Amino acid sequence: MTIALPPQTSSSPPGLQPEGWLRYLSFSLDHKVIGLQYMVAGFFFYLVGGALAGMIRVELASPISDFIGRETYNEVLTLHGTVMIFLWIVPVVNGAFGNYLIPFYVGARDMAFPRLNAVAFWLIPPAGFLLIASYFIGGAAQSGWTAYPPLSLTTPAAGQVVWILSVLLLGGSSIFGGINFIATVLKMRRPGLKMMQLPMYCWAMLGTSILVVLSTPVLAGTLVLLSFDIIAHTGFFNPALGGNAVVYQHLFWFYSHPAVYIMVLPAFGLVSEILPVHARKPLFGYTTMVYSILAIVFLGLIVWAHHMFTSATPPWMRLFFTIATAFIAVPTGIKFFNWLATLWGGKIALNSAMLFSCAFILHFVFGGITGVALAQVPFDIHVHDTYFVVGHFHYVVYGGTVFVIFGSIYHWYPKFTGRMLNEDLGRFHFLITFIGFNLCFAPQHWLGLNGMPRRVAEYDPQFTLVNQISSVGALLMALSTLPFLINVFWSAFSGKVAGDNPWNALTPEWLTTSPPPVENWKGEAPLVTHPYGYGVPPGQIDLKAATGRELWSSGQ
Amino acid sequence: MTAFSPSSDQSPTDTLAPSLAQGAELLAHGAAEEGHPDHRMFGLATFLVADGMTFAGFFAAYLTFRAVNPLPAGAIYELELILPTINTVLLVVSSFTFHRAAKQLRQNQLGACRLWLLVTAGLGLAFLGGQMVEYFSLPFGLTDNLYASTFYALTGFHGLHVTLGALMILIVWWQARIPGKFTADHHFGVEAAELYWHFVDGIWLILYGILYLL
């Protein structure tokens with residue numbers, strides 16, 4: 001059998017958690033409440049970061065600095081990057097979906113450390129407001145989300161110090177979350193559930209959390225040293241005082257390259273959950289997916305210096321980091337082909353969740369190919385710090401991860417609320433997001449190849465038209481949020497009632513009510529050993545066969 | 001599966017001393033046995049991996065400075081070896097005394113356990129005192145040059161850890177006066193403080209090696 005549902009007997013003791021909507025504003029210990037807290041807070045910061053992006057694109061609609069001043073532009077781009085990465089993508093793709101889904105997937109009633117979990121979430125709103133508030137108290141940081149010294153040492157200190165403080169708090173939140181996910185996946189599994197039977201998102205979160213635990217502390221330590229340089233006038237990273245600015249870059253990218261995987265590995269996991277359900281086929285190549293994630297975790301830790309090819313890196317270092325980076329394309333390519341093979345010959349339902357997921361595959365391949373190109377030293381030196389990098393980065397994190405976040409919301413909203421989202425509005429949302437995104441970021445590759453530098457408020461007038469096309473795309477992206485917001489609010493009250501399992505999915509979160517009770521299941525947790533057993537009669541599923549050719553044919 | 005109560009006070013919040021003490025108290029009251037499984041030692045170990053990575057970043061920065069940033073002409077950076085060596089011996093011995101304390105606890109010798117805990121805390125405080133004496137006798141200050149800054153940042157960050165560890169030991173020592181607080185089988189607070197203390201000790205050995213000997 002695919003699923004063993006034990007008899008639903010005992011019920012959880014009532015009154016342990018606050019009931020009603022007020023619990024979302026409380027220090028709740030329920031992983032589902034915390035997950036949705038992450039999601040709503042994250043979406044708020046997405047709107048903030050989006051407004052900042054809008055300011056950037058309005059400014060860049062004309063070659064001269066006329067909308068906002070140069071310094072304000074620097075503050076806006078710094079806040080945009082920091083808010084989007086640390087307050088929207090990382091908390092939502094890890095904290096929100098991770099907290100909501102991981103306990104279901106391992107068959108637990110909550111995370112390993114529920115209290116630490118709530119602490120991790122409640123660090124985020126103050127850190128976010130601290131960061132935004134810095135704009136109003138003497139100006140926000142101006143040195144970009146990378147805060148490279150000596151730039152971060154020469155720009156106004158107050159904003160930079162508040163920025164460091166905020167990122168330290170968010171890093172702490174991230175580490176606490178990572179510890180919790182590792183302990184939950186490794187230690188909280190229901191008896192009888194093996195690691196190789198877990199849904200792929202568990203593996204993705206395990207890999208992500210390993211990266212968080214190993215790399216985030218390095219960023220924290222580095223930022224503490226940077227704050228000493230600013231406040232106490234030490235010279236760790238200040239060449240004028242005998243320090244070494246390149247050491248900062250090494251330490252920063254030791255976190256911030258894995259940070260890309262911290263943002264995109266969970267998205268890989270979420271897509272691996274969505275595709276099999278809506279294509280009605282088993283996830284292709286489960287085992288290779290798992291090993292690919294582990295390979296990405298390992299390789300992700302040893303490629304950081306490919307961000308620094310113009311920082312006087314010695315030839316041996318360039319060679320090593322180019323080769324290591326090119327190697328990452330192998331596990332990533334395996335995952336890409338596995339998703340295609342999952343879709344191949346499936347009964348595909350082209351609903352909003354599927355459309356966003358397919359667009360993710362498209363965008364991520366494009367962003368991945370430009371990424372491999374950027375890892376090649378001769379090409380990288382040409383386009384370093386140009387709009388080509390901006391285009392590449394947004395294809396990975398917006399076209400990749402943010403599309404997955406939207407797809408996942410369409411997929412799991414029925415579980416969150418018990419009601420379906422409106423499909424027509426959803427497809428409309430997808431259409432303008434897809435057009436707007438590609439219109440905004442595809443031209444930026446051309447701009448970069450032709451030499452337009454990033455992080456500058458003014459540019460050569462020859463780039464005006466293409467920048468205006470990009471700004472129109474940004475406007476479409478801003479508008480695309482409206483149908484989504486209308487849909488989410490309207491459907492919460494008037495959407496079609498979803499029932500427990502509207503997608504006929506097999507992963508454990510669907511085997512309980514929508515929304516689920518406080519302790520996830522009334523009675524014992526179900527043992528789901530074949531979360532992707534679609535299209536095959538139950539009982540005929542052989543987990544060992546779910547690795548290659550047999551599955552390819554039997555999954556039709 | 002037994003009943004699970006998410007609101008009951010049983011999970012560790014972090015590795016700071018008060019929460020360790022809290023956790024120990026809860027465990028002593030038997031909260032952790034019913035329902036939610038106790039993975040606090042695993043969580044602490046994972047946190048120490050993260051903490052160790054912070055030190056690894058500092059070590060990497062220091063070693064890179066050593067490799068590529070020569071000391072400017074006229075800058076003073078000299079360390080003496082006797083006091084830090086005594087300090088190293090104190091800290092290594094304190095690891096053994098803590099181990100002894102935990103062993104006594106497992107044999108239900110609570111009085112001996114408390115004595116050894118006190119000895120360990122005393123050794124930790126003696127280390128901090130030695131560090132203080134060294135700080136005041138050094139011929140350079142925090143902002144004098146790159147090496148001076150790195151020296152104070154590394155030893156200061158480690159000293160912060162020793163301070164927290166000594167506080168943890170004193171807290172479990174104080175709590176252990178209550179009969180039944182820590183038993184031979186249930187003594188998370190002592191166990192956690194011990195793991196943390198060994199970690200701080202291990203980090204010091206690396207620090208001693210690269211700062212004073214290299």
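In which loop of chain A is A147(A) found? In this predicted model, A147(A) is placed in the loop between α4 and α5 of chain A. Its phi is near 50°, a positive value in a residue other than glycine. A147(A) has 23 C-beta neighbours inside 10 Å and therefore counts as buried. The loop between α4 and α5 (151–154) of chain A also holds P150(A), and the peptide bond leading from P149(A) to P150(A) is cis, with omega near 5°. A cis peptide bond also joins S514(A) and P515(A), where omega is about -15°. P515(A) belongs to the loop between α15 (464–494) and β2 (527–528) of chain A. A positive phi, of about 60°, is likewise found at H233(A), which is not a glycine. H233(A) is located in the loop between α7 and α8 of chain A; with 13 other C-beta atoms within 10 Å, this residue is partly exposed.

The two helices joined by that loop were examined as a pair. Helix α7 (residues 200–231) and helix α8 (residues 245–279) of chain A have axes that come within 8 Å and cross at roughly 160°. Angles over 145 degrees count as roughly antiparallel, and α7(A) and α8(A) are therefore roughly antiparallel to each other. Their crossing is left-handed. The contact of α7(A) with α8(A) comprises 22 nonpolar, 7 polar and 1 charged residues.

Helix α8 of chain A contains H278(A), which counts as buried because 25 C-beta neighbours lie inside 10 Å. Apart from neighbours within four places in sequence, H278(A) is in contact with I348(A), A349(A), N351(A), A353(A) and M354(A). A further spatial relation links H278(A) to N504(A): 226 residues separate the two in sequence, and their C-alpha atoms are 9.3 Å apart.

Burial is also pronounced in helix α3 (residues 114–122) of chain A, which is mostly covered, with 8 of its 9 residues buried. The buried set consists of P114(A), R115(A), L116(A), N117(A), A118(A), V119(A), A120(A) and F121(A). These buried residues of α3(A) pack against α1, α2, α4 (124–133) and α6 (157–187) of chain A.

The largest nonpolar core has 205 residues, of which I89(A), C202(A) and F356(A) touch the most other members. Not counting residues up to four places away in sequence, F356(A) touches F403(A), V404(A), F406(A), G407(A), Y410(A) and F430(A). A second core, separate from the largest, has 9 residues, including Y387(A), F388(A), M452(A) and Y459(A). The C-alpha atom of Y459(A) is separated by 7.0 Å from that of I64(A), although the two residues are 395 apart along the chain. I64(A) lies in the loop between α1 (31–59) and α2 (70–106) of chain A. Since I64(A) has 10 other C-beta atoms within 10 Å, this residue is exposed.

Chain B has 6 helices and 0 strands, following the pattern α-α-α-α-α-α along the sequence. Of its 214 residues, 41% count as buried. Among contacts in chain B with a separation of 6 or more, 80% are between residues 24 or more positions apart.

Within chain B, the axes of helix α5 (residues 146–175) and helix α6 (residues 188–213) come within 10 Å and cross at roughly 160°. These helices, α5(B) and α6(B), are therefore roughly antiparallel to each other, and their crossing is left-handed. Residues of α5(B) that meet α6(B) include F151(B), L154(B), H158(B), H161(B), V162(B), G165(B) and M168(B). On the side of α6(B), the residues met include V190(B), Y196(B), W197(B), V200(B), W204(B) and L211(B). By class, the contact of α5(B) with α6(B) divides into 15 nonpolar, 6 polar and no charged residues.

Between the chains, 35 residues of chain B are in contact with 40 residues of chain A. On the side of chain B that touches chain A, the elements giving two or more residues are α2 (40–68) and α5 of chain B. Helix α2(B) gives the most, with 15 residues. This side of chain B has 19 nonpolar, 14 polar and 2 charged residues.

Notes: Residues are numbered from 1 along each chain as its sequence is written. Chains are lettered from A and ligands numbered from 1 in the order in which they are written. This is a predicted model: local features need pLDDT of at least 70, side-chain atom pairs count only at pLDDT 80 or more; totals for chains, interfaces and linings use all residues. Axes are lines fitted to C-alpha atoms, for helices over the stretch in contact, and angles run from 0 to 180 degrees between N-to-C directions. Helices (H or I, at least four residues) and strands (E, at least two) are DSSP runs, numbered from the N terminus. Angles under 35 degrees count as roughly parallel, over 145 as roughly antiparallel, 65 to 115 as roughly perpendicular and the rest as oblique. A crossing is left-handed if the near helix is turned anticlockwise from the far one by less than a right angle, and right-handed if clockwise. Ala, Val, Leu, Ile, Met, Phe, Trp, Tyr, Cys and Pro count as nonpolar, Asp, Glu, Lys and Arg as charged, and the others, Gly among them, as polar. A nonpolar core is a set of buried Ala, Val, Leu, Ile, Met, Phe, Trp, Tyr and Cys residues joined through C-beta atoms within 7 Å. A residue is buried if 20 or more other C-beta atoms lie within 10 Å of its own, exposed if 12 or fewer, and partly exposed in between; C-beta atoms are placed from the backbone. Two residues are in contact if their C-beta atoms, placed from the backbone, lie within 7 Å.
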